[in-house]
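Visitor: I'd like to take a close look at one part of this protein and then see what lies around it. Could you walk me through it slowly?

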Amino acid sequence: MAEHTSLFTDRYELTMLEASLQSGIGTKRATFEIFGRGLGGRAYGVTAGTARVGTLLEGFTFDEADLDYLGRNSICSRETLDYLANFRFAGSIYAYPDGELYFPFSPVLRLEASFAEGLILETLLLSALNFDSAIATAASRMVLAARGRTLIEMGTRRTNENAGVVAARAAYIAGFAATSNLAAGQQYAIPTAGTMGHAIVLAHDSEAAAFRAQRTIAGEATTALVDTYDTLNGIRTAIDVFGPSLAAIRIDSGDPFATSIAARQLLDSLGATKTQILVSGDLDEAAIHRLHDAPIDGFGVGTKLVTGSGIPTAGFVYKLVSIERGGEPIAVAKQSEAKTSDGGAKAAYRRIRAQHAIDEFSIDPEATISSTSADALRPLQVPVIVNGEKVIDDDLERWRRLHQESLEELASCKDLLSATAPLLQCHYLGPGTVKV
């Protein structure tokens, strides 16, 4: 059953809806687009939330309780309530799929519908794409910084309970191996991971007693949390209890670089040469990068992941770009200082040329941009909803592969995929608008 989403709507959207229905403009065909003006200094963004949009709109209907609330609080007139009572989105949405990279001004979503339909979906669409894409972008950069080492998402306790589930989804698309969130595991079939916390160690008479309890239920194929008291003593105790075949230890405090070196030396001296070292504790992409020479096999990332590693939103905006006048679509655009936008409905294509990534936009979504044998060119938007019917399935493995393929496609772009420092120099030439 689809989640009920109709009131995930800002009040001003219903105010505009009412005005548009009164003036008659609400029935005009319109095109809205979602794009971002910047990346917060990063070289690329990662789209996430697109497939969720299809599901969210399935639940965007107004029931009796919604209509009663809107009426009792004088938010809508009777005429507008009648419109909402029969509301079903009947338009079409085309968007960059989950996992696809985007750049400033990339039209990551294009909505074609009546003006009224487009108005009241602004907040819901932006909410899904802004949060999910921020998490996916941070996760992707962490994956690059980890250089092939395992990453586990464990940030639910640092965010809203629902946000924790979709954050796990976005992180998995971007390359994380698992999540600690069981709801995300159930809903999206994401692998889950997790063993013990400090509480179970503190509750026992000794660290050894806690480890023995853990071994009873998990055997040697488990991860021992060794830093409740003294990390090196905890390692000795863990190997004494689990034996040298212990799968992994986790360190959640201290200097991870120095501690992991000491831990590796101690594990090897105890014959636990295959026991892996996992590190957690307020890690972000920069911290993971600094640990590239440390003997660490994997990272558990929580707070910094679910808050976007310093950039908690993708900064997407939702703008009207075309409206029907005299039976023809007319391009419209905001022109205020520092907040300009490009008018006209746009389809997007990516061209890779001589270490440059160029997103080219066709003003006519029905046309295609010509390519040459020297340039790779591919369409970026996929249908999500067509004439009110959802046509996209949420296949996380597909999105995960797409993200990897998109990174590989841009591998020739110098520094674009570097995991060093937040301010990356990307060789992105900006949107190339091509009228065809």
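Visitor: How much space lies in the second largest pocket?

Guide: Happy to help, and please keep in mind that this is a predicted model. The second largest pocket holds about 580 Å³ of space. Its lining is made up of 18 residues, and those that lie nearest the centre are E3, R52, L56, N162 and V166. If you sort the lining of this second largest pocket by class, you get nine nonpolar, five polar and four charged residues.

Now for the elements behind that lining. Helix 2, helix 6 (122–146), helix 7 (161–173) and helix 8 (182–188) each supply at least two residues to the second largest pocket. The most comes from helix 6, which gives five residues to this lining.

It helps to set this beside the largest pocket, which has a volume of about 740 Å³. There, 30 residues form the lining, with M154, R157, R250, D252 and S280 nearest the centre. The elements giving two or more residues to the lining of the largest pocket are strand 6 (150–153), strand 8 (223–225), strand 10 (276–280) and strand 11 (298–301). Strand 11 has the largest share of that lining, with four residues. By class, the lining of the largest pocket divides into ten nonpolar, 15 polar and five charged residues.

There is enclosed space to look at as well. The count comes to one cavity of 30 Å³ or more, and the largest cavity has a volume of about 60 Å³. Lining the largest cavity are E33, F35, F105, P107, V321, S341, D342 and K346. Sorted by class, the lining of this cavity has four nonpolar, one polar and three charged residues.

Let's turn from empty space to the aromatic rings. The structure holds nine aromatic pairs. Take F60 and F87: their ring centres are 5.7 Å apart and their planes stand at 75°, over the 60 degrees that the edge-to-face class needs, so this pair is edge-to-face. The pair links distant parts of the chain, 27 residues apart: F60 is in the loop between helix 2 (50–58) and helix 3 (64–72), while F87 is in the loop between helix 4 (78–85) and strand 3 (92–95). F60 counts as buried, at 1% relative accessibility, and F87 is buried too, with a relative accessible area of 3%. Together with F62 and Y83, F60 and F87 form one aromatic cluster.

A second pair worth a look is F211 with F242. Here the ring centres of F211 and F242 are 5.8 Å apart and the planes are at 55°, so the pair is tilted. This pair also links distant parts of the chain, with F211 in helix 10 (residues 207–218) and F242 in helix 11 (residues 231–242), 31 residues apart. F211 is buried, with a relative accessible area of 1%, and F242 is buried with a value of 0%.

Finally, two arginines meet tyrosine rings. The charged end of R169 sits over the ring of Y188, 5.7 Å from the ring centre. The charged end of R400 sits over the ring of Y172, and there the distance to the ring centre is 4.1 Å. As you go back to the pocket you asked about, R52 and L56 are good places to start, as both are among the residues nearest its centre.

Conventions. Residues are numbered from 1 along each chain as its sequence is written. This is a predicted model: local features need pLDDT of at least 70, side-chain atom pairs count only at pLDDT 80 or more; totals for chains, interfaces and linings use all residues. Side-chain values use heavy atoms; hydrogens and water are left out. Rings of Phe, Tyr and Trp (its six-membered ring) pair if their centres lie within 6.5 Å; planes under 30 degrees apart count as stacked, over 60 as edge-to-face and the rest as tilted. Buried means under 20% relative accessible area, exposed over 50%, partly exposed in between (1.4 Å probe, protein chains only). A charge sits over a ring if NZ of Lys or CZ of Arg is within 6 Å of the ring centre and within 35 degrees of the ring normal. On a 1 Å grid over the protein atoms alone, a cavity is a set of points where a 1.4 Å probe fits but cannot get out, and a pocket is an open set with protein on both sides within 12 Å along at least five of seven lines; lining residues have an atom within 4 Å of a point. Grid points are joined across faces, edges and corners, and a volume is the space filled by probe spheres set on the points. Ala, Val, Leu, Ile, Met, Phe, Trp, Tyr, Cys and Pro count as nonpolar, Asp, Glu, Lys and Arg as charged, and the others, Gly among them, as polar.
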